[in-house]
Each structure stands twice: as C-alpha cells, then as structure tokens.
Amino acid sequence: MPGPEEAQPEAQAVADSAALVHGEDAAAVDNGGNKSAAQKHTAAAASTDSLTAYRRPRTITSTAEIDSTIGHPGSVRINVKGAYIADSAEPATPVSGSPVGSSYHETKDIRLPNHTAVVSHIAADIGGSLAKIVYFSREAHSTEPGGRLNFLSFETDRIDDCIEFMKHLKDKQFELNGSRPGELLVMATGGGAYKYYDKIRERLGVDVLREDEMECLIIGLDFFITEIPREVFTYSETDPMHFAEPEENIYPYMLVNIGSGVSILKISGPRTYERVGGTSLGGGTLWGILSLLTPAESFDEMLDMAAQGENSKVDMLVGDIYGTDYGKIGLKSSTIASSFGKVFRMKREAEQEAEDSGGLSNGDADHLKASQENQEAASSSQPAEAPRSTPITTEEAIRNRFSSADISRSLLYAISNNIGQIAYLQSQIHGLSRIYFGGSFIRGHPQTMNTLSYAFKFWSKGQKQAYFLRHEGYLGAVGAFLKKQPRNWGRRGSFEEGESLEARLRVRVGADGEVPGHGPEEAVI
C-alpha cells in the first residue's frame, strides 16, 4: 500500500481541528442554518458514562472535544433535521447528459432540507460485481435550502462508464452544489479503490482517498440506523415492510454484508468491530452460475426470472420424500430437503424420453445438421418435399423439463438459505439478537428477504430478528462519503496511520474522563 503524505505539524493539526469544531471547514454544518455566531460556537460538556452518549446540546468548547476532532478528522457534519427518503413520485435531481448505459439509478434519494453547506466530494464503493456512487446535490430549479443524497450503481465490468459519470459530476460541480470542478475529491472504498486507483486519478485529475472497506460499512450502517426515518424494516409475507424507528442505543449488533461474497461483522460500538465469519457463496456465485445456466444478461434480470419461477420443479422437498409434513421435527412439506435434488432423476427421464422417440444422443445433432445441409444442396433443383418431423433430441428434452425461471429461483433459495444458516449460527456464538442484512445481493427482492427472515425466526424460535435497509447496497459508499478528510491532514492514500492516531487519542480522551458532545440534529460519524 502506498504510504501517506508527510503529516502536518501538530500545531497545524490542532488549528485545523479547531477550525472544524468552530464550523470553518466547508464540509461542516452548524445545526440551525440561521443561528447567531455565538450559538454556532457553543458546545456541551461531555458525559462520562459511555460512548453512546456522544450526541447532546452544546454549551462550551472543551479540550476533549478538540482532541476528539483531531482523532476523527474525517467527520462530515450533515444536518439531518427533517431528513426523509424521497418518494418515488418526487422528481430526483437530474444530471443532464450523464451516461446511463450500464447504470442502475436508484430512485430512493435521501432529502436533506436543512443541509446548506457546500459538499465538494463524492464517494465510490467499488466491489467485485458492482460499483456504487453516492453524491450530494442541491435541489434542481429550486430556491429552497437543502439538497439530497443521490445513489447510482454500475456493473464493475463497465468501470469506465462509472468513471465517466464521476467525470461528469466533476464538470457539473458548481451546478450541483456550488463548488468548483477543481475542488472535487473522490472518497473510494472496496477492492476497486485500489485496483482502479490510478485509472480514476488519471481520468478525473483529482485526489482519490482510499478508506477501509469494513470501517466504511459500519459508519454507513450506523448513520442509517440512527438518523434516517423509514430506512430500517423487517420483512414477512404477512407484513412485507414493517419500519423500525431510528435508535440511539444500537450496540451490539451483527451485520451480514452480502456482496460478491459474504462478510459477517460483530459491531460492539462506534468503529469497534471484528469480522467473525463469512462465506464465498454470495451474490457473485448466483450471478456466475445463472450466467452459465440461463440466458439472463444482468443481475436484475436474474432476480426478475427468479420471481417468476417455481423451485419445487427443481428442488426435492420434504413432501416429495414423505408425501406430507414431517411434523415431529417441525418440517413442512414445502421445506427444501435438497436443492436441485430433482434434477438428476428428471434428466434421466428426459434422456429416456428422447431415446423412446428415436431421438439422438448428445453430439449426434451436429452430424445430422451437416448431413441435412448436404442433401438440401444436392436436391436444390428438385421440387421441394413436405418437411419431415425430426425426433426430439436429448438436449431439447432436458430443456423442456427445466425453465430458466425455475432454476433461478432454486439457486436463489439455495444461496439465501446457506447465508441465513451461517448468520444464525454466528449470532448464537456471539449472543447477538439484532442482525442487519446489507449488500447489493438483496436489492429489495421479496423472496430473498423472506428466506433470510424465515431462517432466523425458525431457528431462533422467534427470539432473533432480521433487519433490512432500503439502501442496503450503499452502506460502504455512504460510510466513505462521511469520512471526507479536511485538506492538508496528511493521510493521502492510507487509513492505517489515521487509525493509529485515533487509537492514541482515544486513550487520551479516556484519561480525561470526557467524551465530546454534538448537537442533536447533527450526524457526526
């Protein structure tokens, strides 16, 4: 990993941090918009109870608060008073001339009516399958204050389209939020932040700061859980979207992030986490296998097919074995006993059907086709004869037995059930009852959410709850967005040194017995 640029002298760092505390940094926002200067420069005495008491009214500016600002130099203060998820009928901020070929535009923008400061950075979370973009913009054609967070995703295979869109945002910076194109900064996370680092810098001509993927996930999730109404919900067939109110006392909890693969994290407090497990069978697995077995060309197309399919035509169910429920151990007749368990038997039946109809074995079809073409060429001058019926081939017989939709649904259930079982076992090991599912694998897909929810309710006998988010695929991107660094901090291209500085200052804050406070309407990550 490239080393960071030389850090600024300590005195300069303290001065920069003091400026951030007093609202002099362009990315920091006061909590009132029109309050007096005296009100803007006040702060609260910190509580000594715990880190969960970090959001309180300001009364004075303490040494501990300045120290904490040094420890969290990347904090972006967003005024979330009155924030809400924009309804799909509400027009999103247009970006005229933007490329849309491979992008999937989310309509679930987050409206921030009281955030007025200039935001001169965008965030990108570039994974193995998808690249997600988050950027702030003012309201189009409106004199009202505030703006919105916009969300956009691209297939990583088309990363050039994604970079071109970021370049377009750079050119439109003044129109979108009042900053100059040269002031744009890209906050990047995920594996692609390293793989495509040079390409992004060269094409955009701007600084690119790379942030730790896991830390960004936690920062983004904490923000959504505590600050955004109607974001977190539970799912069941009888109550498809039951919203949970934003909370402050959220720790500990577990995050199951399902991207190309799966990571399971235990979060004990703000920026305190550990990866406790995971699996390589994730969204990339579904995408890859269905690319081989079906004609689908995109992940969304695969999910659409799965919604139309019937897995019982492919999976072996408990009812196929017992003829009814197996009530003694709590298994319904519709429970999957073996994913794809019917395929081998049905394939043999299809082969027998082809043989009985005089069909051809695999490999003979090409020979027959060539022979027919030669015969047609030889008899082209003769009168055409009535077409003859061709016996069904083995491939055709098998294809007739299995539809792409049925295969898609079966594989979706197989991967979702596996993830749900692993996540449940990890929650048992670590004694966690609140489990959040994130990542672009879910995509608000009902069958996926129902499978994960059912797994937790079944195995925990209703004691554990699975939670989902409306922006589940953007946790990392939002976390990176919130980690924007003040200029001249000296952490270009590195998060490790910043973490060690934060660790040293946590010890210092703990020794003082104080934890900084922040206004109740500010999200400070």
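Let me start with one residue, Ser453, which touches Tyr235, Ala466 and Phe468 when residues up to four places away in sequence are not counted. Please keep in mind throughout that this is a predicted model. Is Ser453 buried or exposed? Ser453 is buried, because its relative accessible area is 2% and buried means under 20%.

Where does Ser453 sit in the chain? Ser453 lies in helix 16, and this helix will lead us to two strands and then to a pocket.

Let us take the strands next, beginning with strand 17, which covers residues 434-438 and is mostly covered, since five of its five residues are buried. As general background, the side chains in a regular strand alternate between the two faces of the sheet. In strand 17 both faces are covered, with Arg434, Tyr436 and Gly438 buried on one side and Ile435 and Phe437 buried on the other.

Strand 17 has neighbours that we can name one by one. Strand 12, residues 253-258, runs parallel to strand 17 and is joined to it by four bridges, and within that pairing Val256 has Phe437 as its bridge partner. Strand 18, residues 465-469, also runs parallel to strand 17, and here three bridges join the two. In this second pairing, Ile435 has Ala466 of strand 18 as its bridge partner, and Ala466 is also one of the residues that Ser453 touches. To get from strand 17 to strand 18, the chain passes through helix 16, residues 446-460, in a β-α-β crossover that is right-handed.

Now we come to the pocket. The largest pocket holds about 1,000 Å³ of space, and of the 32 residues that line it, Ser334, Thr335, Asn417, Thr451 and Tyr454 are the closest to its centre. Which elements give two or more residues to this lining? They are strand 16 (336-338), helix 15 (404-430) and helix 16, and helix 16 supplies the largest share, which is ten residues. Sorted by class, the lining of this pocket has 16 polar, eleven nonpolar and five charged residues.

Finally, let me step back to the whole protein, which has 18 helices and 19 strands. Of its 525 residues, 49% are buried, and Ser453 is one example of a buried residue. If we take the contacts between residues at least 6 apart in sequence, 73% of them join residues at least 24 apart.

Methods:
Residues numbered from 1 in each chain as written. Predicted model: local features only at pLDDT ≥ 70, side-chain atom pairs only at ≥ 80, totals over all residues. Heavy atoms only, no water. Buried < 20%, exposed > 50% of the residue type's maximum accessible area, 1.4 Å probe, protein only. Pairing = 2+ DSSP bridges. Right-handed = clockwise from strand over helix to strand, strands pointing away. 1 Å grid on protein atoms, 1.4 Å probe; cavity = no way out; pocket = protein on both sides within 12 Å on 5 of 7 lines; lining within 4 Å. Points joined across faces, edges and corners; volume = space filled by probe spheres on them. Nonpolar A, V, L, I, M, F, W, Y, C, P; charged D, E, K, R; others polar. Contact = heavy atoms within 4.5 Å.
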